[in-house]
Amino acid sequence: MPSEEVTTHAAPTRIGRVAPGAAEPGDFVSAPSVRWLFTSRAAGVPWLVVRVLLGLAWLRTGWDKVFGPASAAWMEDGAAVRGFVQRAVAASQTGEHPQVAYGWYVDFLRFVGDHSWFFAKLVAFGEVAIGIGLVLGAFTGIAAFCGVVLNFLFVFGGVAGENPAYLIAGILLVLAWRNAGWYGLDRFLLPAFGTPWQRHHPWARGRVEMP
């Protein structure tokens, strides 16, 4: 679709004011490949693979915490979370560039450690819920976002492991919330519930329009 010509030599203006004829953020359209990847029904197929693989990984780790051999450390006294907090706090006090580099996060970790019995259960059941949501394609964007938050909490605590890979996949699924769950329950849930800013999405057109 032809776009309007964008003026590239606008007169200088004061900060916070837009000169007549200057481009607005909404004047710029995403590349067709980007729109296809994040809005088309066909792109739901590769997102299905990413979504299910990531969901199974979350489900496996959460299931082990709730029902596995070491579940007592998560479901009873929260010893697993306490141990994580102790190691992270200790890591924040070593060297000039410690693994846990943010003082505010150390304070948060201490709070978590004081209530480890609650946060251990929250993490365990949260991972199971994230995995189920991703595998079934139910509110995919929300499930992926919750997973990204957990990954960041682990990374801020000095734990790498699989978290960087999970982060990349999770962020991409958040961006693809419109079509990542097309081959899943979102095909029915999103039209039924809509979003806080738009109650209904035009799924029937085969493409979810960019807001």
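## Getting to know a nine-helix chain

V66 counts as buried, because its relative accessibility is 11% and buried here means under 20% relative accessible area (exposed is over 50%, partly exposed is in between, with a 1.4 Å probe and protein chains only). The model is a predicted one, in which local features need pLDDT of at least 70 and side-chain atom pairs count only at pLDDT 80 or more, while totals for chains, interfaces and linings use all residues. Residues are numbered from 1 along each chain as its sequence is written, and side-chain values use heavy atoms, leaving out hydrogens and water.

**The overall build**

Let's step back to the whole chain. There are 9 helices and 0 strands, where helices (H or I, at least four residues) and strands (E, at least two) are DSSP runs numbered from the N terminus. Reading along the sequence, you get α-α-α-α-α-α-α-α-α. Of the 211 residues in the chain, 39% are buried. About 12900 Å² of the chain is exposed, and carbon and sulfur atoms supply 67% of that area, as worked out by the Shrake-Rupley method with a 1.4 Å probe; for residues, only the protein chains shown count as cover.

How much of the chain's contact set, at a separation of 6 or more, comes from residues 24 or more positions apart? The share is 68%, with contact meaning heavy atoms within 4.5 Å.

**V66 and K65, side by side in α2**

V66 sits in helix α2, and so does K65. Setting aside neighbours within four places in sequence, V66 contacts S71, M75, A124, F125 and V128. With residues up to four places away again left out, K65 touches S71, W74, M75, V123, A124 and E127. V66 and E127 are 61 residues apart along the chain, yet their C-alpha atoms are separated by 9.7 Å.

Is K65 buried or exposed? K65 is buried, and its value is in this table along with those of three other residues.

| Residue | Relative accessible area | Class |
|---|---|---|
| K65 | 14% | buried |
| V66 | 11% | buried |
| F139 | 32% | partly exposed |
| L172 | 34% | partly exposed |

L172 belongs to helix α8. Leaving out neighbours within four places, L172 is in contact with F38 and W47. L172 and W47 are 125 residues apart along the chain, and their C-alpha atoms lie 9.1 Å from each other.

**Around α7**

Next up is α7 and what comes just before and after it. F139 is in the loop between α6 and α7. Its phi is near 50°, a positive value in a residue other than glycine. For background, most residues other than glycine have a negative phi. On the other side, α7 is followed by G158, whose phi is also positive, near 90°.

The helix itself has 17 residues, so at 1.5 Å a residue it should span 24 Å, and the 24 Å between its end C-alpha atoms agrees; the expected span is 1.5 Å times one less than the number of residues. The buried residues in α7 are T140, G141, A143, A144, G147, V148, L150, N151 and F154. What do these buried residues pack against? Their partners are α2, α4, α5, α6, α8 and α9.

**Two pockets**

A pocket here is an open set of points on a 1 Å grid over the protein atoms alone, where a 1.4 Å probe fits and protein lies on both sides within 12 Å along at least five of seven lines; lining residues have an atom within 4 Å of a point. Its volume is the space filled by probe spheres set on the points, which are joined across faces, edges and corners.

The largest pocket holds about 580 Å³ of space. It is lined by 28 residues, and V123, E127, L150, L153 and F154 are the closest to its centre. Helices giving two or more residues to that lining are α2 (44-67), α4 (79-91), α5 (103-114), α6 (116-136), α7 (140-156) and α8 (163-175). The largest share, 6 residues, comes from α6. By class, the lining splits into 21 nonpolar, 3 polar and 4 charged residues; Ala, Val, Leu, Ile, Met, Phe, Trp, Tyr, Cys and Pro count as nonpolar, Asp, Glu, Lys and Arg as charged, and the others, Gly among them, as polar.

The second largest pocket has a volume of about 180 Å³. F139 turns up again in its lining, alongside T140, G141, I142, W177, D186, L190, G194, T195, P196 and W197. Both α7 and α9 (186-193) supply at least two lining residues, with α7 giving the largest share, 3 residues. This lining has 6 nonpolar, 4 polar and 1 charged residues.
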